[in-house]
Amino acid sequence: MDLIDILLSASFWAAVIRIASPLIFATMGELICERAGVLNLGIEGIMVAGAFAGWVAVYAGLPLWWGVAVAMLVGMAFGLVHGVLTVPFGLSQHVVGLGITMLATAAAYYAYRIALPEVTTPPRIEPFQPLDMGWLTDIPVVGQALFGQTALTYLALLVALATGLVLYRTPLGLALRAAGENPSAVEAQGLSVTGIRIGAVVVGSGLMAVGGAFLTMSAFSSFFFEMVNGRGWICIALVVFGAWAPGKAVLGALLFAGFDALQIRLQQTGLGAVVPYQVFLMVPYILSILALVLMSRRAEVPAALMTPYNRGER
Amino acid sequence: MRLEPIANPGLARSAGLPAAAIALTVVVASLLALLAGADPLATLGLILKGAAGSKFALLETLNRATPLIFTGLAVAVAFRAKLWNIGAEAQLYAGALLTVLVGTQLGLPGPVALPLMALAAILAGALTLLGPVLLKTRLGVDEVVTTLLLNFIMLLFISMLLEGPLKDPLGMGWPKSEALPRDARLPRIVDGLRLHWGFGLALICALGTWVIQTRTTLGYEIRATGLNLQGARFAGIPVNAVMVKTALISGGLAALAGFSEVAGLKGNLTLDISPGFGYTGIIVAMLAMLNPLGVVVSAIFVAGIFVGADSMSRAAEVPTYIADILLATALLFMVLAIMLTRFRVVRG
Amino acid sequence: MGEGRQAQEVVLRLDGITKRFGALTANDGIGFSLAKGEVLALLGENGAGKTTLMNILFGHYTADEGRVEVFGRPLPPGQPGAALAAGVGMVHQHFTLADNMTVLENILLGTEPLWKLGLGRGAARARVERLSHDFGLAVHPDAKVGSLSVGERQRVEILKALYRDARILILDEPTAVLTPQEAEALFATLRKALAQGLSVIFISHKLHEVMAIAHRVVVLRHGRLVGEVATADTDRHRLAEMMVGAEIAAPAPREAVPGPALLSLRGVSTAGEGNSPGLRALDLDLRAGQITGLAGVSGNGQGALAELLSGLVAPISGEMRVADRPVARWTPREALAARIGRIPEDRHRTGTIADFTLTENAVLESYRDEPFARTGLMDWTAARGHAERIIQRYDVRCPGPETRIRLLSGGNMQKLILGRALEAEPRIILANQPVRGLDIGAVTYVQERLIAARDEGAAVLLISEDLDEILALSDVIRVISDGRLSPEFPRGSKTPAELGQWMAGQGFDHAA
């Protein structure tokens, strides 16, 4: 199988969209936080917690969508802790974010060990199945890629669309963007910077957790350690790559997923026999760094990102 | 609510709040134990006993503290300059790699090999952090993400070497390197006690870092750069050069953790020489409020929690991950407590 | 504007407002009222309590005692939206605009319920255009705020208030950033607003403006209301006395005895950055024993010139000579080595390191030199001695040299910066807004020190947005506009109005 064959196969394009889905959820989550002025380094841990929470809820007998809701709530809870510590108390967003990542990861592992003390192979749940879109799925290449996905993938795209609409077309989005650019503009108009920022972190964290849940509930069907594997950090790079705009960030996620899907398939080709597999696995991380370097010159960073707002100082 | 700086916090505030943070962490620990169906007091007792209940336990704790002192110092130095080095893990592995390469490939006698191994390790760690820092100072690329991603890249790189050119032919298929020769290992501090000179080196490094931070012009420059980049630049401090120097020191310190683990404890390079020492270094450094001498104390405390939790989980049905949760909560409570010693919350 | 006032219908009443911060009483039983169609000036030095009072009115602080009534209804304390909803609009001194959004978006911010789909841009744009027209506030609704000039941004701020149907406008130091001509346009807008029945509170410390536009003046000092008079019954002199509590003695410098040029720029240009222009082929001589005043509307290249002299930027073309030697490498260290003493514009972010002690701040520019450091090791005893010397000689009021400088007042912080610069015996002094935000005592002190330094032979460049300050202190005046410099005007050769025309950019084309 060579490159052309890969690029022409429907399964490749289906994989691209599948791989992009969790990234889109989490990238939108991070983007919402950052647009409001808060860097959320809790993303990696919140994704782990979401992956576990969604999975364990279904494993305990809840319906799949309830699992998604549980994951989201767990993410929002961690987001609330992050928001309260970094917004009104103004603590370092770096330190708190890393702390949340450690806390959420450890909490998920701890809960997993308590829930399943004895198991060696992680048990499986019945995950989301690809939707049956009838004749649409039968369109060559495009059909399977676009219409053979699970409901969560369509939700991811919907979330991206909604993020864009809210940011640019609603009063709430206006307030959110202003909070990340010049919080005193928000305050002067009688709105609460604290409320908007905490709200953004809570909602954003909820989305990150759903991104994690995608891994256990749609991509794979069980929870295992290290499964998020840096995806959260990659999403932070994607926000920068997308210049803090939802549309560009989704394109970035798809591009990134494309390289990832390609890398997996190239491992099976003649190339894979010559080049160690670790080199292929490095590709996503190297690409993320490259993306950051490429965008460094024309970044449109929200002006108040990482700057706590204290009313007393003006 | 608003925050107002406090001129004189007073003893009640500056001691009481951190104490309250520790107390809250203990409460969380108890709740976690209850959740696992264990008796909280007994669990805490077991952790304490496992960490410091015997000479063996204590030495184990100090052994575990050794790499944490190095990574804690690495983070403390970097964070002082607001250089967010989250890549101590990668620097540690880079150091470990060079330790093994120099120790096994050059065939030097021990007294020559050991210092050379340490130097090579320092260099490797420093270079590992240099890349992200140059990207930061030259192009403005955020170092948090680049150093984080480098951790993954470095582990894959080591994995590639351990399954390729560095693979021990006698390793029965395990991905591990050849062992260091006997005389290229760090000796024990006291004969018969399982504590190697890596710990001594860590203490020396802590002292050295403390001197740099408080007594040298470089330390002054680092602190000024971290507290106010714009002000430091205006005053004529070459902030980019300071960042690079900070990175070299920080990366070198983190790499010494790898050197010490390989040459002092493990004897060879595997993919599991560090269970996240690089990340835990962040907790160590923050609990020490970035004070290098405090890092020694907090590293021993953190190591004690880990060693104690390991030993406790063998006896009780409480998963060892309780240690990670405790430390993360301690970190969050502590940064809040420290902030509240310097600012008071006022209404309206 | 004495005529045309409506009947004395009270629209805003403050009654016994008291606010304490720890031991400090920022507002002490302040009470006054504002009538419909009236301009009330709120006069007072920095620290007199004006800002605190406005923060209470807008619910950012809660008063310990007293009450606020708007249109006869009490305002609930501590609710940021309440004053806005009651029809009070504020134009802040530091604009509260988001640069990454358009004018229209900034105006719409917070005017609609948050949980609503759609922004209703069409209707809003029509309304903004009508308001722009009615009040003479020309600005394009779809322009990004980041690309607007300072004057345009102020118009957006006023439009924001008008869009919300504000009936009471509060303007905080509105002319500080305007040319005299722009200020006239602002006054024209305010007259239109008064004609439509709005009322205005005008916060200022510029007495001639207060006399020109206000009907009544309320004077605050040290948190207390010390006087309330109709402008018809007073004059500038008496207002000044009320404001500071004593006759103010403006420093009256002796005639300068200029020496040779210590710093010369010939055709120097620097790169611009964002909205701020770089310098465009500048010629400038700073002579020994002379104060050169740089007048201009903020954002016209003052920052670039200050950065050049501080060593933060180097020329991209042209020649720069210090003490008659051409400059090659140019960094803050080189600037310090060339004995340029620097008083930066922003003492909190640039001039000091807030969490450093006074000792650490005192050696910020000399920490590598003996006796403060030897072979890379700091000598903290020597550094502390230096700090103590500055504290004593420059009258820095503080608990001691080991205090974090964050805890000092602005005046004392500035005295430390001044002392740090002057103790190095500079030959050239860059004083960028040296007295902004200081109380009168500190202002006089800093100005006298600068004049003394001049008399000892230093070449001083004084940058200020306050034309009065420039006129009072400068031996020669240069006006900066869009990165270009006017010819040199000797003391007394130009009226404020003439300088204002240069500040607005007129005259350069003929000169060039």
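Of the 348 residues of chain B, 56% count as buried. The model is a predicted one, and chain B is a good place to enter it. Its secondary structure comes to 13 helices and two strands. The radius of gyration of chain B is 21 Å, close to the 20 Å that the globule rule gives for 348 residues, so chain B is as compact as a globular protein of that length. Along its principal axes, the C-alpha trace of chain B spans about 70 × 60 × 35 Å. Now take the contacts in chain B with a separation of 6 or more. Residues 24 or more positions apart account for 77% of them.

Chain B also touches chain A. The contact takes 42 residues from chain B and 40 residues from chain A. Which elements of chain B give two or more residues to this side? They are strand S1 (2-5), helix H1 (10-35), helix H5 (110-139), helix H6 (143-163), helix H11 (277-287) and helix H13 (322-342). The largest share, 11 residues, comes from H6(B). By residue type, the side of chain B that touches chain A divides into 32 nonpolar, five polar and five charged.

Turn next to chain C. This chain is divided into domain 1 (10-244), domain 2 (249-339 + 426-512) and domain 3 (357-423). Note that domain 2 is given as two segments, 249-339 and 426-512. Taken over C-alpha atoms, the centres of domain 1 and domain 3 of chain C are separated by 40 Å.

Chain C holds an open sheet of six strands. Their order is S6-S7-S8-S3-S9-S10, and the pairing is mixed. Why is one side of S6(C) and of S10(C) left without a neighbour in the sheet? Strand S6 (88-91) and strand S10 (224-230) of chain C stand at the edges, and each has a single partner strand, so one side of each stays unpaired in the sheet. From one strand to the next, the twist averages 20°.

Follow the sheet inward from S6(C). Both faces of this strand are covered. Val88(C) and Met90(C) lie on one side, Gly89(C) and Val91(C) on the other, and all are buried. Strands of a sheet pair through backbone hydrogen bonds, either parallel or antiparallel. S6(C) and S7(C) run parallel, joined by four bridges. Here Met90(C) has Ile170(C) in S7(C) as its bridge partner. Strand S7 (residues 168-172) of chain C then runs parallel to strand S8 (residues 199-204) of chain C, with five bridges between them. Leu171(C) is paired with Phe202(C) in S8(C).

A helix packs on this sheet too. Helix H8 (residues 236-244) of chain C lies across strand S3 (39-43), strand S9 (216-221) and S10 of chain C. H8(C) runs at about 30° to S9(C).

Further along chain C, the pairing is antiparallel. Strand S11 (residues 261-269) and strand S14 (residues 317-322) of chain C run antiparallel and are joined by five bridges. Leu265(C) finds its bridge partner, Met320(C), in S14(C). S14(C) also pairs with strand S15 (residues 325-326) of chain C, in the antiparallel sense over two bridges. In S15(C), Pro326(C) is the bridge partner of Arg321(C). What links S14(C) and S15(C)? The two strands form a hairpin with two residues between them. In the turn, Ala323(C) has a positive phi of about 50°.

How values were computed
Residues are numbered from 1 along each chain as its sequence is written. Chains are lettered from A and ligands numbered from 1 in the order in which they are written. This is a predicted model: local features need pLDDT of at least 70, side-chain atom pairs count only at pLDDT 80 or more; totals for chains, interfaces and linings use all residues. Two residues are in contact if their C-beta atoms, placed from the backbone, lie within 7 Å. Ala, Val, Leu, Ile, Met, Phe, Trp, Tyr, Cys and Pro count as nonpolar, Asp, Glu, Lys and Arg as charged, and the others, Gly among them, as polar. Two strands pair if DSSP finds at least two bridges between them. Axes are lines fitted to C-alpha atoms, for helices over the stretch in contact, and angles run from 0 to 180 degrees between N-to-C directions. The radius of gyration is taken over C-alpha atoms; the globule rule is 2.2 Å times the number of residues to the power 0.38. A residue is buried if 20 or more other C-beta atoms lie within 10 Å of its own, exposed if 12 or fewer, and partly exposed in between; C-beta atoms are placed from the backbone. Domain bounds come from an automatic or database domain assignment.
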